[in-house]
Amino acid sequence: MWMLTVVMAITFAALLYFQIMYLENMVKMRDEQFTEGVMRALNTTSEFLERQETLHYLEQDVNIIESSLYDGYGSDEDKLRYQVENPDGSVTNYTLSSRIDHSDGNSRFRFPSPVQDIGSRYGMMQEVIRSQYLYQKGLLDEVILSILRDSSTRPIMERADSTVIRNCLTTELANNGVRVPFVFAVLDSRNDMVYQTEGYQNGSKDIYSIPLFNNTDRSYTLNVEFPTKSSYIFKSVRFIIPTLAFTVILLVVFVYTLILAFRQKNLAEMKTDFVNNMTHELKTPISTISLAGQMLSDPSIRKSPSSLTHLSEVIVEESKRLRFQVEKVLQLSVLDRTGSTLKFTDVNANAIIYNVVNTFKLKVEKQGGTISARLDAEDAEVNVDEMQFTNVVFNLLDNALKYMKEDVEPTLEITTLNLPGNRLEIRIADNGIGIKKEDARHIFEKFYRVSTGNRHDVKGFGLGLAYVKKMIEAFGGTITVESEFGVGSTFIINLPLASEN
């Protein structure tokens, strides 16, 4: 059984370990996937805002630049003149001679007629393409210079509108498989708040950041927070939770089954001990009575009055002993059907204890001991089964006398006392061998017997204290024990008074 326990314990420990490790890795992987998707969305949003700003300056400056590029139309050989301001402040002038058709109201380059030679046509096409390239280059250079010159003065609310950011983030997060509510804020280069959406908490651990307009002289930071990130990740791995729950349930069932198995094993051992003790206890008086009966059939014995008297006393004593042992065995059935056999009446506990002490006094004095009673309880009326209550007191006194020290006169004392709350306390103390702490937890269990040394040298079935506890609980009371090994024991009974019932 111990080997089975060790193997199963190792198996469950390994199973739980691998499941927890798998869950941890799944959570870590989901978190990394979440972070990767969020950062891709943030990068795309940052690029989108920069493109929007470039488009803004392009649309703003294109008309101005175009108007400066064209100068003087109307002659046969129209001149296309334009100038571009270089980054160092210098100006480069460009002139393109070509035929421009204004017939439809639009200025456009007109390629040479097909009758021209191939070389002229090719040269003209090169000139047109070159002029287009220079035009686009000048346009872009002007836009870039405008961005570098004017972007720092443009309000951030125009450069990074909250609605634009929200819409872009929503779209990009959805494209990356992240459909989680979010809040965001824009901070300047000194980490001062520019603006934030409702619900944003500055200083949260789960914040994702991306720089905005990082290539300009005034940069900003976009912070995005996901309040429901933990629940989102948990939902993605929640299918593992039932497996952990089932494993824990199996572990609990296994532990409970193991406890029951050990209890049954101990119970089987105690029952075996009980049967052996019962056989011995019943066999001894039966053998003695049988032997006395055989001796009575001897004529010589019958002629001796003293022998007859002795044999009669032996038969009576052994019959009492046999009846007492049978009553002990019958207590086993009483433990299982207590409620249906008890007859509750109001009795005086002091009176019952007094009678039991007087009856038990002869047995104690026979072993050279003393027994005393201090019945200080003024109100001792309890609602109990009189016969069973008498047996409880007798069992405790008999148990105290059994476990006495060798060569020490037994001293028993029983006291009663009224406690607050309409309670009666009964104490039965002795100066016996005492009970070890490891035994004190089990002495009220059925069939359990305390070992005196290395052998069970005290006769009994292990039913007495289990029967006592069962009866006291049926009376609505409690019983505890205070014991010090080698000094003695005190059993404490606490019962409700009849007035309380």
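User: Why is F254 called buried?

Analyst: In this predicted model, F254 has a relative accessibility of 15%. Buried means under 20%, so F254 counts as buried.

User: What makes F12 and F254 an aromatic pair, and why is the pair called tilted?

Analyst: Two rings pair if their centres lie within 6.5 Å, and the centres of F12 and F254 are 5.5 Å apart. The planes make an angle of 35 degrees. Stacked needs under 30 degrees and edge-to-face over 60, with the rest counted as tilted, so this pair is tilted. The pair also links distant parts of the chain, with F12 in helix α1 and F254 in helix α6, 242 residues apart. F12 is buried too, at 10% relative accessible area. A search of the whole structure finds 12 aromatic pairs.

User: Helix α6 also holds V253. Why is V253 called partly exposed?

Analyst: Its relative accessible area is 44%. Partly exposed covers values between the 20% limit for buried and the 50% limit for exposed, so V253 belongs there. V253 joins F246 and I249 in a nonpolar surface patch, and together they have about 300 Å² of accessible area.

User: How do you know that K436 lies over the face of F485?

Analyst: K436 is 5.2 Å from the ring centre of F485. The distance limit is 6 Å, and the charge must also be within 35 degrees of the ring normal. K436 is listed as lying over the face of F485, so the angle condition is met as well.

User: What makes K469 and E473 a salt bridge?

Analyst: Their side chains meet at 3.1 Å, N to O. The cut-off is 4 Å, so this is a salt bridge. K469 and E473 are four residues apart in helix α13, which means they are separated by about one helical turn. In general, residues three or four places apart in an α-helix point the same way. K469 is partly exposed at 27% relative accessibility, and E473 is partly exposed at 45%.

User: Which residues of helix α13 are buried?

Analyst: They are L465, A466, Y467, V468, M471 and I472. After α13 comes G476, with a positive phi near 85 degrees.

User: How do you know that D192 and R190 form a salt bridge?

Analyst: Their closest N and O atoms are 3.8 Å apart. The limit is 4 Å, so D192 and R190 qualify. R190 has a relative accessible area of 65%, and exposed means over 50%, so R190 is exposed. D192, at 37%, is partly exposed.

User: What makes R427 and E425 a salt bridge, and is E425 buried or exposed?

Analyst: The closest N and O atoms of R427 and E425 are 3.0 Å apart, which is within the 4 Å limit, so the two form a salt bridge. E425 has 14% relative accessibility, and the limit for buried is under 20%, so E425 counts as buried. R427 is partly exposed, at 28%.

User: How many salt bridges are there by this rule?

Analyst: The count comes to nine. R374, D376 and E413 are linked in a network of salt bridges.

User: Why is R40 called partly exposed, and where does R40 lie?

Analyst: R40 lies in helix α1. Its relative accessible area is 38%, between the limits of 20% and 50%, so R40 is partly exposed. The C-alpha atoms of R40 and L173 are separated by 8.2 Å, although the two residues are 133 residues apart along the chain.

Conventions
Residues numbered from 1 in each chain as written. Predicted model: local features only at pLDDT ≥ 70, side-chain atom pairs only at ≥ 80, totals over all residues. Heavy atoms only, no water. Phe/Tyr/Trp six-rings, centres within 6.5 Å; stacked < 30°, edge-to-face > 60°. Helix = DSSP H or I, 4+ residues; strand = E, 2+ residues; numbered from the N terminus. Buried < 20%, exposed > 50% of the residue type's maximum accessible area, 1.4 Å probe, protein only. Patch = residues over 30% accessible without salt bridge, like charges linked within 9 Å, V, L, I, M, F, W, Y side chains within 5 Å. Areas by Shrake-Rupley, 256 points an atom, 1.4 Å probe, with all protein chains shown as cover.
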